[in-house]
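User: Could you take a close look at one part of this protein for me, namely its nonpolar core, and then walk me outward to the pieces around it? I work at the bench, so a connected account would suit me well.

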Amino acid sequence: MGTNGVLQVTDSRTGCSYELPITDGAIRAIDLRQVKVSEDDFGLLCYDPAFLNTASCRSAITFIDGDKGILRYRGYPIEELAGHASFLDVAYLLLHGELPGKEESEAWTREITHHTFVHENVKKFIDGFHHDAHPMGILVSTVAALSTFYPEAKAVADQAIQRDQMVRLIAKMPTLAAFAYRHAMGLPYAYPDDELSYAGNFLNMMWKMTEPRYSPDPVLEHALDALFILHADHEQNCSTSAMRVVGSSQVDPYSAAAAAAAALYGPLHGGANEQVLRMLQEIGSVDNIPAYIARAKRGELRLMGFGHRVYKNFDPRATIIKEIADSVFAVTGRNPLLDIALELERIALADEYFISHKLYPNVDFYSGIIYQAMGFPVSMFPVLFAIGRMPGWLAQWHESAADPEQKIARPRQIYVGEGLRHLNGTIS
Ligand code: CMC
């Protein structure tokens, strides 16, 4: 929280002075409109490409201090949640503001479990995709397609209806994700198992073959649950902003969530974990690391899994993930790419370029190595990110819908094109 006060500014064009109230460390951009050179002037705009210094909302969900490497959901440190809570309890926390009590937790888990099945037509829809369709493309499409199965979701002002859609979206994400994988592998779809945990059921739908009942490895099940928690929310990132912006048109939450998932798919966002693996494979051996880093320093490429818009010292999620990696590798065996990753991190963190640019491993740097050790193909990595992020998208969308200050999102522009001109017979 910043302090309140007043910003006094003088416009050198007119000599006029203005007092702009400062609340919570921010001025309101709309207050700049009074700054004009003439009566018919539109008023001063804020120019902020990529929203580097613009707060688009007031939010009570996630707190980040990028300089100190702090991440909290609803006030709880990410380290405590990842170590002691379940993903579904964290989802409840994000949506409701408080962790559930024992009975609430059981009822919430039952409710989610009850909604894990998808309409059989969703399977037919997935069947229509090409055999090598990227699972993230299938996920984006099937999340959007869900809106056609639940047309009541258009009633965005109806709290009870919207709660149902939020439950459905959290519940069905693992099913859609696993079905996308099974389609690509040419395997029959494995249906949800109500007796398993959220993460355990996802592993069941991914890996179940002929056994009557799939039993997930408890260490991997727990690790995946913790990884989902680490990805559950991250305040106003690219995909969450997409969720809020698209949702501000009052479209149903399935369509808004599909837009958010599409934003996540990009290699600079949730697609980065996939790119990290490809990068480590391309490097191939620790001997090749210095040459690769030199290319990054020359601006020829970026070290994927390095850098963050907000974190400038360390990403607390990356620290936790390194600990999770040890428990996973104890079960799966060590991923040989880990040696390349550790050496890459060591060399980069000692390098002046990375120090001066404040570039550190982010959440995506080690998550892919764990996912790969667990048997997930690289193309599933952003899908796993999307499963974890769904509660965050929904919590942010819900908060935005209830915020009386929010309207349809509609940025301004600075027009730099041609002035008025006429055809003058130039079209033949
Ligand atoms: N490797 C090498 N140089 C980099 C990297 C990198 N990964 N990231 C930033 N830089 C340099 C960049 O070239 C620029 O240098 P200069 O000022 O000399 O021109 C400087 O650092 C600032 O970069 P920027 O692009 O202005 O920073 P940004 O805040 O806009 O970008 C980022 C943040 C995460 C998109 C970027 O660091 C990046 O592309 N990282 C690689 C992709 C990645 O790992 N993404 C996952 C982000 S965490 C999970 C998530 O949110 O999805």
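Analyst: Happy to. A nonpolar core here means a set of buried Ala, Val, Leu, Ile, Met, Phe, Trp, Tyr and Cys residues joined through side-chain atoms within 4.5 Å, and buried means under 20% relative accessible area. Please keep in mind that this is a predicted model.

By that definition, the largest nonpolar core has 117 residues. The residues with the most contacts inside this core are Tyr73, Ile170, Phe202, Leu224, Met279 and Phe376. Helix H6 gives the most to the core, with 12 residues.

Let's start with Phe202. Leaving aside residues up to four places away in sequence, phenylalanine 202 touches Pro174, Ala177, Ala178, Leu224, Phe228, Phe376, Met380, Leu384 and Ile387. Two of these partners, Leu224 and Phe376, also appear in the list of residues with the most contacts inside the core.

Phe202 also belongs to a network of rings. The structure holds 19 aromatic pairs. One of them joins tyrosine 181 to tryptophan 207 in an edge-to-face arrangement, with 5.5 Å from centre to centre and 75° between the planes. This pair links distant parts of the chain, since tyrosine 181 lies in H6 (residues 159–185) and tryptophan 207 in helix H7 (residues 198–207), 26 residues apart. Tyrosine 181 counts as buried because its relative accessibility is 9%, and the cut-off for buried is under 20%. Ring pairs also connect Tyr181 and Trp207 with Phe87, Tyr198, Phe202, Phe228, Tyr371, Phe376 and Phe381 in a cluster.

Tyr73, another of the residues with the most contacts inside the core, takes us to a sheet. Strands E4, E5 and E6 form an open sheet in the order E4-E5-E6, with antiparallel pairing. E4 and E6 are the edge strands, each pairing on one side only. In a regular strand the side chains alternate between the two faces of the sheet. Strand E5 (residues 70–73) has a covered face with Leu71 and Tyr73, and an uncovered face with Ile70 and Arg72.

On one side, E5 pairs with strand E4 (residues 62–65) over four bridges, and phenylalanine 63 stands opposite arginine 72. The hairpin of E4 and E5 has four residues between the strands, and glycine 69 takes a positive phi near 70° there. On the other side, two bridges join E5 to strand E6 (residues 76–77), again in the antiparallel sense. Here tyrosine 73 has tyrosine 76 as its bridge partner, while arginine 72 stands opposite proline 77. The hairpin of E5 and E6 has two residues between its strands, with arginine 74 at a positive phi near 50°.

Phe87, a member of the ring cluster, leads on to a helix pair. Helix H2 (residues 87–96) packs against helix H3 (residues 102–114) at an angle of about 100°, with the axes 10 Å apart. The two helices are therefore roughly perpendicular to each other, as angles from 65 to 115 degrees count that way. On the H2 side the contact is made by Leu88, Asp89, Ala91, Tyr92, Leu95 and His96, and on the H3 side by Glu104, Ser105, Trp108, Thr109 and Ile112.

A second open sheet is found earlier in the chain, with three antiparallel strands in the order E1-E2-E3. Its edge strands are E1 (5–10) and E3 (26–27), each pairing on one side only. E1 and E2 pair over six bridges, and threonine 10 has serine 17 as its bridge partner in E2. These two strands form a hairpin with six residues between them, where glycine 15 in the turn has a positive phi of about 80°. Strand E2 (residues 17–23) pairs with E3 over two bridges, and threonine 23 stands opposite alanine 26.

Finally, a word on backbone angles. Most residues other than glycine have a negative phi. Glutamate 235 has a positive phi near 40° and is found in the loop between helix H8 (218–231) and helix H9 (238–247). Lysine 358 has a positive phi near 55° and is found in the loop between helix H15 (352–356) and helix H16 (363–373). Glutamate 235 counts as partly exposed because its relative accessibility is 23%, and lysine 358 is partly exposed at 40%.

Conventions:
Residues are numbered from 1 along each chain as its sequence is written. Side-chain values use heavy atoms; hydrogens and water are left out. Buried means under 20% relative accessible area, exposed over 50%, partly exposed in between (1.4 Å probe, protein chains only). Two strands pair if DSSP finds at least two bridges between them. Rings of Phe, Tyr and Trp (its six-membered ring) pair if their centres lie within 6.5 Å; planes under 30 degrees apart count as stacked, over 60 as edge-to-face and the rest as tilted. Contact means heavy atoms within 4.5 Å. Axes are lines fitted to C-alpha atoms, for helices over the stretch in contact, and angles run from 0 to 180 degrees between N-to-C directions. Angles under 35 degrees count as roughly parallel, over 145 as roughly antiparallel, 65 to 115 as roughly perpendicular and the rest as oblique.
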